[in-house]
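Morning, everyone. I have one structure to walk through today. Please take a look at it before I start.

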Amino acid sequence: MGLLYENDDLSALDYVRQDYLRELQLERLRRIVRHAYDHVELFRNRLNERGITPDDIKTLADIAKLPFMKKIDLRDTYPFGLFAVPMSEIVRLHASSGTTGKPIVVSYTREDLEVWMQVIKRAFASCGLSRNDIVQVAYGYGLFTGGLGAHYGAEALGATVVPTSGGNTKRQIMLMRDFGTTAICCTPSYFNFMIEQAAAENIDMHDLPIRVGVFGAEPWTNAMRGRIEEASGIKAYDIYGLSEIIGPGVAIECKCQQGMHIFEDHFYPEIIDPETGEVLPDGEFGELVITTLSKFAMPMIRYRTRDLTRIISEPCACGRTLRRIDRISSRSDDMFIIRGVNVFPSQIETALLSIEGTTPNYNIILYTENGMDNIEVDVEISEEMFSDRVRAMEALQKKLTSAVEGLIGLRVKLKLVAPNTIQRSEGKARRVIDRREKA
Ligand code: ADP
Ligand code: ZN
């Protein structure tokens, strides 16, 4: 049992030898499977139906014998049906924003919160932050995991935390300037809004001490990163997480920014074929499945995240030994099918932002016309472009149309819209509006 109680306070775990890591994972996996079997009825029943017991987990590969868990399991057992410890052990509840329906509830023991704090602390360190930083946490505080998650991690790091939560954008900018904020945590779309708001007040973020952004909670593209970095002069890092697993802090980019290191001493990753459930080798794209190796209040075993990515197992130049996951291109639920073609919003974002004169504000509208499904893309253009001649606008419109059509392989109706007409987001952006008639 020695390994389990090792002090994993240190980010030394980011650099741990692979053989040690696998041993640690196996020991933790066996422990958590046993714990879930003993305390979660749904899990025990499923193992019993398959004639498996926790003792059948002898190697890491044996994980493939275990059934998957899905979001529907959290809904069906709402609110507390998957808890694996008595309520007296639970010190915190969170609920997901419920992008799709009823919220789901997650819980933490004191030790679970400690793990969460440690992984976020390691995540911040990976973005080059330290006790000398002033970290503005502009993720929402409350049931959403973003705010409090980032908050305690930044405190654990010893940084100075400014807990602004989401919203009140003018005040965010004022505090950012007056307090000399050096790092900010929020969604990338919210930071875009802040850049805009600052510009409206004649503040150029390049002139402020802010130098790092830790952005996540929604899909965003490298093209968006380019826009953000150029407009603000900061370095923008991608952080990944989800409430079901722990919240933000499951994986984080390092200075190399070639994928996110996953804290696999706590979160065991697999990639599966979303159709067949078959485990795919490292390097292949599929759905990310995560097992929480050290979360006791609500263990998630082989949880299907619906997020699409791949595992990168090649060594990273930063020296961390933790494997990486590629940028989450999309959630499988975000994909839409138009006339038989699979389209991801991220493809459209990449196409739009590859062309000058656009802003990061756009909407994708799906609609039905004469019984056919179609896509309309509304994109806001910059002030300069807007006041320009009609000719230039027409040329831009054509260029954007062909960029989008070239990437997705479908005809689109592309509209240039006036500055400040598309709704801004202070949290997770909703860019797809589905007005299709259901058959
Ligand atoms: P909800 O499911 O209600 O949106 P969460 O706040 O738990 O609740 O959201 C987690 C989801 O957010 C992830 O499963 C993923 O789809 C998305 N997400 C989080 N971080 C990132 C990121 N860095 N890149 C892309 N998507 C992300
Ligand atoms: Zn690295």
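Let's go straight to strand β19, residues 358–369. Eleven of its twelve residues are buried, so the rest of the structure largely encloses β19. Keep in mind that this is a predicted model.

Who are the neighbours of β19? Take strand β20 to begin with, residues 372–381. β19 and β20 pair through nine bridges, in the antiparallel sense. To find the register, look at Y362: its bridge partner in β20 is V379. The two strands form a hairpin, with two residues between them. In that hairpin, N370 has a positive phi, near 50 degrees.

Now strand β22, residues 432–435. β22 also pairs with β19, but here the sense is parallel, over four bridges. I364 is the residue to look for on β19: its bridge partner in β22 is V432. So much for pairing in general terms: strands of a sheet pair through backbone hydrogen bonds, either parallel or antiparallel. Around β19 you see both senses, antiparallel with β20 and parallel with β22.

Next stop, strand β6, residues 212–216. How many of its residues are buried? Five of five, so to speak a full count. Remember that in a regular strand the side chains alternate between the two faces of the sheet. Look at β6 with that in mind. One side carries V212, V214 and G216, the other carries G213 and F215, and all of them are buried. Both faces of β6 are covered, then.

Which strand pairs with β6? That is β5, residues 183–186. The two run parallel, joined by four bridges. A183 stands opposite V212 in β6.

On to a sheet of five strands. The order is β11-β10-β12-β13-β16, the sheet is open, and the pairing is antiparallel. Which strands stand at the edges? β11, residues 279–280, and β16, residues 330–331. Each has a single partner strand, so one side of each is left without a neighbour in the sheet. Further in, β12 covers residues 286–292 and β13 covers residues 303–309. Four bridges join β12 to β13, and they run antiparallel. To place the register, take V289: its bridge partner in β13 is R304.

One loop residue now: A159. You will find A159 in the loop between α5, residues 145–157, and β4, residues 160–162. Buried or exposed? A159 counts as buried, because its relative accessibility is 10% and the cut-off is under 20%. What does A159 touch, leaving out residues up to four places away in sequence? The contacts are S130, R131, D133, V135 and A154. For a sense of distance, A217 lies 58 residues from A159 in sequence, and the C-alpha atoms are 22 Å apart.

Let me step back to the whole protein. The secondary structure comes to eleven helices and 22 strands. The radius of gyration is 22 Å, close to the 22 Å of the globule rule for 439 residues, so the protein is as compact as a globular protein of that length. Along its principal axes, the C-alpha trace spans about 70 × 55 × 40 Å. Of the 439 residues, 56% count as buried. Take the contacts between residues at least 6 apart in sequence: 65% of them join residues at least 24 apart.

Surface and charge, to finish. The accessible surface comes to about 18800 Å², and 51% of it belongs to carbon and sulfur atoms. There are 53 positive and 61 negative charges, and their mean positions are 1 Å apart.

Note on methods
Residues numbered from 1 in each chain as written. Chains lettered and ligands numbered in written order. Predicted model: local features only at pLDDT ≥ 70, side-chain atom pairs only at ≥ 80, totals over all residues. Heavy atoms only, no water. Rg over C-alpha atoms; globule rule 2.2 N^0.38 Å. Buried < 20%, exposed > 50% of the residue type's maximum accessible area, 1.4 Å probe, protein only. Contact = heavy atoms within 4.5 Å. Areas by Shrake-Rupley, 256 points an atom, 1.4 Å probe, with all protein chains shown as cover. Lys, Arg positive; Asp, Glu negative; His and termini not counted. Charge placed at Lys NZ, Arg CZ, Asp CG, Glu CD. Pairing = 2+ DSSP bridges.
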